[in-house]
Amino acid sequence: MTVFEDRFWSSRDGLKLHFRDYHVQKHDGSGARPPIVCLHGLTRNARDFEALAERLSPRWRVICPDMRGRGDSEYARDSASYNPVQYGEDLLELLAQEQIDRFVAIGTSLGGLMTMGLATLIPERIVAAVINDVGPFLEPQGVERIKDYVGQGRSYPTWVHAARALEDNQGHAHPGQPLDFWIGRAKRLMTVSSAGRVVFDYDMKIAEPFLGYDVDDQPDLWPAWEALAGRPVLVLRGALSDLLSAATLEKMLRRLPGAEAITLENVGHAPTLDEPEAIAAIDRLLAQSA
């Protein structure tokens with residue numbers, strides 16, 4: 001198994017934030033490649049990219065942050081700071097600490113929105129981008145589904161119980177998957193509390209700003225999407241996704257003609273990035289970025 005280092009950085013408002021640093025294992029000059037920064041979704045954490053980081057780190061440095069309030073990062077004192085603008089500011093501090101001038105961004109859901117936001121701030125520093133199942137327009141039914149479960153604070157006596165609960169909630173996005181798949185998902189998304197219960201590994205207060213999000217008054221994110229022009233861009237969409245529609249994806253490609261798009265069959269929100277088609281597409285993008 002690939003070795004990673006647990007490391008930390010500080011936000012401007014004084015939070016101690018954690019990231020996994022997967023180092024390049026081979027001494028073949030690949031260390032000169034730009035690092036890959038993996039940005040997770042709303043209720044996820046750095047572990048979401050374990051398989052991807054382990055596969056890529058023999059050739060690439062891979063950095064997987066826990067955004068504030070997730071995983072091993074400190075929880076925010078003010079829940080209002082759980083927003084994409086603040087996450088972007090936190091990432092800029094990480095890039096500064098690590099002296100990263102250029103990087104490849106891989107963003108799932110919220111992480112994809114963060115990638116587009118960074119493209120408006122530091123477009124010259126993003127070498128390439130993977131946007132996983134999100135776009136400049138969010139489908140209302142997908143947003144409402146997430147609102148139904150985020151911040152609920154449920155706990156479970158065993159990993160099997162947790163896995164079954166995940167399957168009940170997310171089975172529509174990964175139909176037909178065996179129990180082992182759901183146990184693996186649970187161990188990425190959850191942790192064992194001090195009371196010995198299996199709980200979600202995030203601050204329940206991240207829900208507070210999200211629950212106030214008005215799907216009927218969405219900000220115009222199309223300029224942020226177009227800010228990714230001029231570099232390799234890959235969009236992954238689950239064919240069953242309720243957050244990124246086929247119509248929005250088609251519009252994204254019209255607005256950014258050079259982007260590649262892959263629709264993954266029998267997958268909803270969001271692809272795991274372990275799918276063979278996703279792996280091949282990411283490898284094609286990285287071949288343009290080395």
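Let's start with strand 5 and strand 6, which pair in the parallel sense over six bridges. One of the residues to find here is G107, which stands opposite I131 in strand 6. Keep in mind that what you see above is a predicted model.

On its other pairing, strand 5, residues 103-108, meets strand 3, residues 36-39, again in the parallel sense, over four bridges. G107 comes up here too, as the bridge partner of L39. In general, strands of a sheet pair through backbone hydrogen bonds, and they do this either parallel or antiparallel.

Is strand 5 buried or exposed? Six of its six residues are buried, so the strand is largely enclosed by the rest of the structure. You can check this face by face. On one side sit F103, A105 and G107, on the other V104, I106 and T108, and all of them are buried.

Now step back to the whole sheet. Eight strands form an open sheet in the order 1-2-4-3-5-6-10-11, with mixed pairing. Which strands are at the edges? They are strand 1, residues 4-10, and strand 11, residues 260-264, and each of these pairs on one side only. Ignoring direction, neighbouring strands in this sheet are turned against each other by 20 degrees on average.

Next, the helices on this sheet. Helix 9, residues 246-255, lies across strand 10, residues 233-238, and strand 11, and runs at about 170 degrees to strand 10. Helix 10, residues 276-287, also packs on the sheet, where it touches strand 3, strand 5, strand 6, strand 10 and strand 11. The direction of helix 10 makes about 170 degrees with that of strand 11.

Let's stay with helix 9 for a moment. Which of its residues are buried? They are T248, L249 and M252. Seen down the helix axis, these buried residues fall within an arc of 100 degrees, so they line one face of helix 9. The general background is that an α-helix has 3.6 residues a turn, so residues three or four places apart point the same way. What covers the buried residues of helix 9 includes helix 8, residues 222-226, together with strand 10 and strand 11. The face turned away from the buried side carries the exposed residues A247 and R254.

There is another sheet to look at. Three strands form an open sheet in the order 7-9-8, and here the pairing is antiparallel. Its edge strands are strand 7, residues 155-156, and strand 8, residues 190-192, each pairing on one side only. Helix 5, residues 159-170, packs on this sheet and touches strand 7, strand 8 and strand 9, with its direction at about 160 degrees to that of strand 8. Between strand 8 and strand 9, residues 198-200, there are three bridges, and the two run antiparallel. If you want a residue to click on, take V192, whose bridge partner in strand 9 is V198.

Now the aromatic rings. How many aromatic pairs does the structure hold? There are five. In one of them, the rings of F200 and Y202 have their centres 6.0 Å apart and their planes at 55 degrees, so this pair is tilted. Both F200 and Y202 are buried. F210 and Y213 form a stacked pair, with 6.5 Å from centre to centre and 5 degrees between the planes. F210 has a relative accessible area of 17%, and buried means under 20%, so F210 is buried. Y213, at 23%, is partly exposed.

Rings can also have a charged group over them. The charged end of K16 sits over the ring of F8, 4.5 Å from its centre. R33 lies over the face of W60, at 5.2 Å from the ring centre.

Last, one residue by itself: L211, which is found in helix 7, residues 207-211. Is L211 buried, exposed or partly exposed? At 44% relative accessibility, it counts as partly exposed. Leaving out residues up to four places away in sequence, L211 touches K147 and V150. L211 and I146 are 65 residues apart along the chain, and their C-alpha atoms are separated by 9.1 Å.

Conventions
Residues numbered from 1 in each chain as written. Predicted model: local features only at pLDDT ≥ 70, side-chain atom pairs only at ≥ 80, totals over all residues. Heavy atoms only, no water. Pairing = 2+ DSSP bridges. Contact = heavy atoms within 4.5 Å. Axes fitted to C-alpha atoms, helices over the stretch in contact; angles between N-to-C directions. Phe/Tyr/Trp six-rings, centres within 6.5 Å; stacked < 30°, edge-to-face > 60°. Buried < 20%, exposed > 50% of the residue type's maximum accessible area, 1.4 Å probe, protein only. Lys NZ or Arg CZ within 6 Å of the ring centre and 35° of its normal. Arc of directions from axis to C-beta.
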